[in-house]
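Got your viewer open? Let's take a walk through this one, stop by stop.

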Amino acid sequence: MRSILPEDWTLPAVDELNEAFFTSGRILLQSCAGCGTIQHPPEEICHRCQGTEFETRESSGRGTVYSYTVIHHPAHPKLAQSVPYAVVLVSLDDFPDVRITGNVLNRAFDGVSIGLPVRAVWEEIKTKNGAVYRLPQWEVVE
Amino acid sequence: MHRRTAVVGVGESVYYKRGGAKESEFRLACTAIRRASEDAGLALADIDGFVSYRDERNTPLRLAAALGIRALNFSAQTWGGGGNGCASAVAIADAAVGAGYADHVVVFRALAQGQFRRFGQASGATLAGGSAAFTAPYGLASAPQTMAMDTMRFMHEHGIGQDALAEISLASYEHAQRNPRALRYGTPLTREDYHASRWIAEPFHLFDCCPENDGAAAVVITTMERARDLHKPPVPILAAAQGLDYRASVGAYNAPNFPTAHYRHVGTKLWERAGVGPGDVDVAQFYENFTGPVLMAISEMGFCEPEELDEFVSDGNIRWPDGRLPINTSGGNLGEAYIHGFENINEAVRQLRDESTCQVEGAQLSLSVSGPLAAPGSAILFCRA
Ligand SMILES: [Zn+2]
């Protein structure tokens with residue numbers, strides 16, 4: 001179930017690179033097997049050593065709101081009932097150079113600001129053709 | 001500093017609000033190109049190259065056949081997500097003409113958003129791939145929405161107020177009041193109107209956002225040598241630059257120097273090549289997709305520190321005729337028309353032919369900066385012959 005946006009709104013096109021991030025129910029980041037460099041979003045090749053073997057590193061899922069916007073104008077008819085809604089950019093506490101986009105599930109659109117402490121939660125979405133997503137989302141730590 | 005090639009002709013179609021053009025986008029392109037070559041004193045058949053950007057639909061193949069081009073010697077377009085390509089498209093023509101690959105290259109953009117997909121509308125696709133997979137599912141689905149995120153962080157880091165955004169919009173609207181080509185000619189904007197306008201995506205109000213329009217604009221580039229025999233005084237290209245900082249194109253807001261408008265590197269290279277600095281520029285056109293990214297581009301191009309932006313743009317400092325640096329003197333994307341920024345190239349040229357409706361007296365150096373926050377950035381500096 002999606003709590004901010006409509007059930008038929010855009011989902012990630014899952015591929016080999018991003019599958020762990022969107023389906024595992026954990027914040028798994030791409031880490032180069034050769035040199036340990038973390039890159040997000042994941043890429044085909046390590047930008048530091050050009051290695052092509054990767055592992056994942058798990059974040060604690062604790063973070064801080066780095067930026068945000070509140071969307072008032074629905075850019076698509078599907079979003080007409082969802083506005084206004086907030087979108088946040090979260091910097092991970094344990095990987096501060098990694099920034100992850102999401103929605104805040106336990107605050108209204110006007111309740112977010114830069115600097116708020118948040119933790120990752122997951123929205124489980126099952127599509128009609130049986131695909132299962134676990135989309136990372138956020139809750140303000142009270 | 002090269003002055004090897006010059007703009008010798010500028011032209012445009014009538015500009016329309018979205019859906020207002022009765023003729024097709026292709027015919028708008030033909031009109032702008034015909035007027036630019038007439039302005040130069042060239043026959044259409046003499047044009048032998050075409051350059052554009054961002055998946056221009058009106059291809060050189062169709063244009064060359066339709067316009068009776070004697071022989072096509074060169075065609076190209078730049079990469080990139082949007083209006084970041086205006087200046088780099090002119091730079092490609094400059095390189096081609098300088099290298100002798102073609103003699104008279106047209107650089108143009110035709111865009112009729114009333115006939116094709118609107119830029120402000122999200123696709124609403126079932127699936128988003130690439131870096132959009134990390135943003136679109138959360139409701140960042142159109143340019144004002146995605147660019148609001150960068151702008152909000154930029155304002156937070158540097159203490160930039162909403163009035164600094166307003167100043168960009170107010171300058172464009174004020175300058176449009178003197179330009180009969182401008183779609184906002186006769187409809188001034190007040191600071192009160194700006195602040196009272198509805199939010200699109202915070203921190204962008206309605207008047208922070210470019211409109212969607214129909215029209216086409218074009219210039220003709222040739223060598224300085226050939227330019228001497230043509231109608232109008234040539235406007236030489238002093239320098240151009242396009243590019244990116246280290247890994248600045250990493251997606252989903254993960255560039256190491258986030259937030260960046262992609263103009264630090266462009267600025268460094270441009271001033272180095274031109275042998276002048278931002279303080280030497282007399283007049284500048286800054287592509288306004290949204291007002292906030294213009295502020296980012298102004299500071300990244302080296303005009304001031306981000307912390308100085310509030311002061312740099314306020315008190316009429318960016319307005320014609322008395323401002324320290326008049327910007328968007330035709331009205332720009334916001335006030336003249338959104339021809340994907342190419343009208344700003346035409347205006348930069350007009351300033352050096354004393355043809356602007358907000359003419360900066362005796363202007364020697366005229367800058368045009370393409371779309372901010374879309375990568376790679378590009379900018380071009382014209383000088384007086
Ligand atoms: Zn590596």
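**Where the chains meet**

Color the two chains separately and look at the contact between them: 42 residues of chain B touch 41 residues of chain A. Bear in mind that this is a predicted model. How much area is buried between chain B and chain A? About 3,400 Å², with carbon and sulfur atoms giving 57% of that area. If you go hunting for salt bridges between chain B and chain A, the count is zero.

**The zinc ion**

Next, select the zinc ion and show the side chains around it. Which residues hold the zinc ion? You'll find A:Cys32, A:Cys35, A:Cys46 and A:Cys49, each coordinating through SG, at 2.3 Å. The angles among these four donor atoms run from 98 to 115°, and the site is tetrahedral. Follow the donors along the chain and you can read off the spacing C-x2-C-x10-C-x2-C.

Now keep just A:Cys32 and A:Cys49 highlighted. This pair links distant parts of the chain, 17 residues apart: A:Cys32 sits in strand β2 (residues 28-32) of chain A, while A:Cys49 lies in the loop between β3 (38-39) and β4 (54-58) of chain A. Is A:Cys32 buried or exposed? A:Cys32 counts as buried, because its relative accessible area is 2%, under the 20% cut-off. A:Cys49, at 34% relative accessibility, is partly exposed.

**A three-stranded sheet**

Switch to cartoon view and stay with β2 of chain A. Here three strands make an open sheet, ordered β3-β2-β4 (chain A), with antiparallel pairing. The edges of this sheet are β3 and β4 of chain A, each of which pairs on one side only. Zoom in on β2(A) and β4(A): five bridges join them in the antiparallel sense. To see residues facing each other across the strands, select A:Gln30, which stands opposite A:Thr56 in β4(A).

**Along β8 and into the hairpin**

Move on to strand β8 (residues 117-126) of chain A. Three bridges connect β8 to strand β5 (residues 62-71) of chain A, and the two run antiparallel. Try selecting A:Gly63: what is its bridge partner in β8(A)? That would be A:Val118.

Leave A:Val118 selected, since there's another neighbor to find. A:Val118 also stands opposite A:Val140 in β9(A). Strand β9 (residues 132-140) of chain A pairs with β8(A) over nine bridges, again in the antiparallel sense. Finish at the turn: β8(A) and β9(A) form a hairpin with five residues between them. Click on A:Gly130 in that turn, where phi is positive, at about 90°.

Conventions. Residues numbered from 1 in each chain as written. Chains lettered and ligands numbered in written order. Predicted model: local features only at pLDDT ≥ 70, side-chain atom pairs only at ≥ 80, totals over all residues. Heavy atoms only, no water. Donors = N, O, S within 2.8 Å, 3.2 Å for Na, K, Ca; no water. Tetrahedral: all angles 85-135°; square planar, octahedral: opposite > 155°, others 65-115°. Helix = DSSP H or I, 4+ residues; strand = E, 2+ residues; numbered from the N terminus. Buried < 20%, exposed > 50% of the residue type's maximum accessible area, 1.4 Å probe, protein only. Pairing = 2+ DSSP bridges. Contact = heavy atoms within 4.5 Å. Buried area = accessible area lost by both parts, 1.4 Å probe. Salt bridge = Lys/Arg side-chain N within 4 Å of Asp/Glu carboxyl O.
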